[in-house]
Structure formats: structure tokens, C-alpha cells
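Work through the exercises below with the sequence and the model open. Each task is followed by a solution in steps.

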Amino acid sequence: MESLLPAAGFLYWVGAGTVAYLALRISYSLFTAFRVWGVGNEAGVGPGLGEWAVVTGSTDGIGKSYAEELAKRGMKVVLISRSQDKLNQVSSEIKEKFKVETRTIAVDFASEDIYDKIKTGLAGLEIGVLVNNVGMSYEYPEYFLDIPDLDNTIKKLINVNILSVCKMTRLVLPRMVERSKGVILNISSASGVLPVPLLTIYSATKAFVDFFSQCLHEEYKSKGIFVQSVLPYYVATKLAKIRKPTFDKPSSETFVKSAIKTVGLQSRTNGYPIHSLTSSISSILPSWIYFKIAMGLNKSTRARYLKKTKKN
Ligand SMILES: NC(=O)c1ccc[n+]([C@@H]2O[C@H](COP(=O)([O-])OP(=O)(O)OC[C@H]3O[C@@H](n4cnc5c(N)ncnc54)[C@H](OP(=O)(O)O)[C@@H]3O)[C@@H](O)[C@H]2O)c1
């Protein structure tokens, strides 16, 4: 009986230590969540970083919302997308609404020979913020070998989602380093953190963007550059094929208003509190359960799409 007492005392302290550790962890998480999502860093992005912001894929969705939010904060904006007509329209809207200067560069990021044109368009500008937003996905979830026009799709996804991020950074970062300030926001995706079967190439390109951003942040943070990997779940845009925003699938405006306040606080962010909560829940699921759910959801989306377009 007596010999059991020291063991009971030991278990008591293990239990008390565990409870204290968990209480500290939970308090720290709640404090961090309040600091990021409740308070935020409203002053993290603005003309103090440099006169100009450059946004790729800026005529629609998340890119357009970043362009508007940066203009609202007083930054001049360079808009880069494919269609000159859409660029002209967004450019006029921004000039009229926010009274800032804009420039447009019409290029297709699926091509590799566009970077001299972009370099010329950006020459002489003091760029404080670069948003590497342009991205493309599949028309519908599909098995790798059955992706329509596979060779061309591989090339386009790599050029638009990966090459653009490296090349735009290569053009803009040197001057930021010289001036010891700048912010680079790379729009990855939650599907770059947890692999998404049937969107295999897209998911893998977004993992590249996430790793690229994390490494770049470590390399250049001591030189005054803040690189952020933005990892959204669904946002109601054309790419996501979601028209009506909901609580968990916000409009691009709502998403960007929330995400931009995390700059300077989180070098990796889901950008939106509900997405952050979803990420925490997903990360504790055993991977076989996660894959079963992801595969199941994408299989039904694929079946619905093929039925609708009568391809099977
Ligand atoms: N929406 C989501 O649920 C979601 C979730 C996670 C991550 N993301 C990421 O967020 C980023 C923006 O997505 P989004 O949903 O806002 O897309 P979106 O609404 O489809 O807008 C895409 C923008 O990029 C431009 N663009 C597309 N292809 C281009 C190309 N080849 N060359 C030049 N510009 C091009 C489009 O303009 P033009 O057609 O005029 O060129 C448009 O301005 C992407 O990187 C995407 O992967 C989105």
C-alpha cells in the first residue's frame, strides 16, 4: 500500500503538468487568434512601403479585390491580366473610385516570353507590394491521365501557377532589397497544404507556391521584406465556380479585407477566420479519413460535371 503512494503522487504531477500545458497552449492559441482576427494589422500594407503595388490576375476575383484594397489604402496600382478590355475597365473603376494612378499590362501568363514586356512596364516604379495572385485550375476534377489536352494543361498550370510567381519575384525583389522594404503576397491555396486528389497538378503547384513563399520569407525577412503565403479555402469567384458568397465561402472583397490585416502578423495565413478554423480541424484528421472525404467529394463533382456536359 505504502509503495503505491509515490506512484500516485507522480501520476498526480504528470496529470497536473499536462492540464497546465494544455491550458497554456489553448490560451496562447486564443490570444493569437484574437490578435490576428480580432485586432489585425491594419497599418501593415500601404504607400509607406513604396508608391506602387503590382497585382497579377487583377481583373476579377481575389486579384481585383487586392487591387481595390491597395488603391483604397492610397497605393498606385499596376494591373496585369490577359484582356486589355477588362484591364481598361478595372483601371477606370479604380481611378474613379480611389483617385490613384494605375497602369495596365496585358499578358498571358501561360506563355514564357512575356517577362521582358512586364519588365519594361514596371521600369522606374517604386514597388512596395507585389501580389502574385494569378492562378488557374482544372475545368472539373479529373484523374491525371484523363485530363483533357493533358500536355498543354500541364504546361499552362506550371507556367501560370509556378513560373509567374518565380519570375515576378525575380523582377520586383531586387529593388525591394535595395530599399530594405517590401511585401510579397503569394496566393497559394489550402489545397497546397493538404493534397487534393483529382486536382493533382493544381494542388501540387500550390504546394510549390507555399514552400517557395516560406523559404523566401526566411531568406529575406532580415532584409526588411515580408513574404506571405496565403492559403484560402473556397472564395466565391469564377475560378471556384461559386457565385453566391456564404459564411464559409466569402466574397473576394470580404476575404481580402480579412487577409490583408494578417500581413506582418502571419507569414502563412488562411486569410479568413472560418478558413483558419477549417484548417485546424482538417489537420487533426487521420490522413486516410481526409483522403476518403476529399476523393469522395471530388468524385461526385466530377460525375455531376460529366453528366451535365454529357461526356460519359
Ligand atoms: N477562388 C477560390 O476558391 C480560391 C481558393 C484558393 C486559392 N485561390 C487562388 O486565388 C488566385 C485567384 O483566384 P480567383 O478565384 O480570384 O480567380 P478568378 O476569379 O478566375 O480570377 C483570375 C484572374 O486572373 C486572370 N487570369 C487568368 N488566367 C490568366 C492568364 N493566363 N494570364 C493572365 N491573367 C490571367 C483573370 O483575368 P483575364 O481572364 O482577363 O486574364 C482574372 O483577373 C488563384 O491563384 C487561385 O488559385 C482561389
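**Exercise 1. The second largest pocket**

Task: In this predicted model, state the volume of the second largest pocket and find which element gives the most to its lining.

Solution. Start with the volume, which is about 630 Å³ for the second largest pocket. Next, take the lining: it has 22 residues, and the closest to the pocket centre are N270, S276, L277, S279 and S280. Then assign the lining to elements. Those that give two or more residues are α1 (4-39), β7 and α8 (273-284). Of the elements, α8 gives the most, with seven residues.

**Exercise 2. The annotated segment**

Task: Locate the "transmembrane region" of the UniProt annotation and describe the secondary structure of that span in the model.

Solution. The unreviewed UniProt entry places the annotation on residues 6-24. In the model, residues 6-24 are 100% helix and 0% strand. The C-alpha atoms at the two ends of this span are 27 Å apart.

**Exercise 3. The fold as a whole**

Task: Count the helices and strands of the chain, then give the order of the strands in the sheet.

Solution. The protein chain has nine helices and seven strands. Its C-alpha trace spans about 85 × 55 × 35 Å along the principal axes, and 45% of its 312 residues are buried. Now order the strands: the open sheet of seven strands reads β3-β2-β1-β4-β5-β6-β7, and the pairing is parallel. The edges are β3 (102-106) and β7, since each of these pairs on one side only.

**Exercise 4. Strand β4 and its neighbours**

Task: Decide whether strand β4 is enclosed or open to the outside, and trace its pairing on both sides.

Solution. Begin with burial. Six of the six residues of β4 (residues 127-132) are buried, so the strand is largely enclosed by the rest of the structure.

Turn to the pairing with β1 (residues 52-56), which is parallel and has four bridges. Within this pair, V55 is opposite V131 of β4.

On the β5 side, four bridges join β4 and β5, again in parallel. Here N132 has N186 of β5 as its bridge partner. The connection from β4 to β5 passes through helix α5 (residues 150-179), and this β-α-β crossover is right-handed.

Finally, look at the loop that leads into the strand. E126 belongs to the loop between α4 (115-122) and β4. With a relative accessibility of 31%, E126 is partly exposed. The C-alpha atoms of E126 and P47 are 10.0 Å apart, although the two residues are separated by 79 residues in sequence.

**Exercise 5. Strand β6 between β5 and β7**

Task: Which residues of β6 cover each face, and which residues of the neighbouring strands are its bridge partners?

Solution. In a regular strand, side chains alternate between the two faces of the sheet. Apply this to β6: I225, V227 and S229 lie on one side, F226, Q228 and V230 lie on the other, and all are buried. Six of the six residues of β6 (residues 225-230) are therefore buried, and the strand is largely enclosed by the rest of the structure.

For the first neighbour, β5 (residues 182-187) pairs with β6 in parallel over six bridges. The bridge partners include L185 with Q228 and I187 with V230. Together with helix α6 (residues 200-220), β5 and β6 make a right-handed β-α-β unit.

For the other neighbour, β7 (residues 268-269) pairs with β6 in parallel over two bridges. In this pair, S229 is the bridge partner of R268.

**Exercise 6. Cysteines**

Task: How many disulfides does the model contain, and why is C215 not bonded to C166?

Solution. Use the cut-off for a disulfide, two cysteine sulfur atoms within 2.5 Å. By this rule the count is zero. C166 is in no disulfide, and the nearest cysteine sulfur to its own, in C215, is 11 Å away. Seen from C215, the closest cysteine sulfur is that of C166 at 11 Å, which is too far for a bond.

Then compare exposure. C166 is partly exposed, with a relative accessibility of 26%. C215 is also partly exposed, at 43% relative accessible area.

Conventions
Residues are numbered from 1 along each chain as its sequence is written. This is a predicted model: local features need pLDDT of at least 70, side-chain atom pairs count only at pLDDT 80 or more; totals for chains, interfaces and linings use all residues. Side-chain values use heavy atoms; hydrogens and water are left out. Buried means under 20% relative accessible area, exposed over 50%, partly exposed in between (1.4 Å probe, protein chains only). Two strands pair if DSSP finds at least two bridges between them. A crossover is right-handed if, with the strands pointing away from the viewer, the path from the first strand over the helix to the second runs clockwise. UniProt positions are given in the numbering used here, feature names are shortened, and annotations may be inferred rather than shown by experiment. On a 1 Å grid over the protein atoms alone, a cavity is a set of points where a 1.4 Å probe fits but cannot get out, and a pocket is an open set with protein on both sides within 12 Å along at least five of seven lines; lining residues have an atom within 4 Å of a point. Grid points are joined across faces, edges and corners, and a volume is the space filled by probe spheres set on the points.
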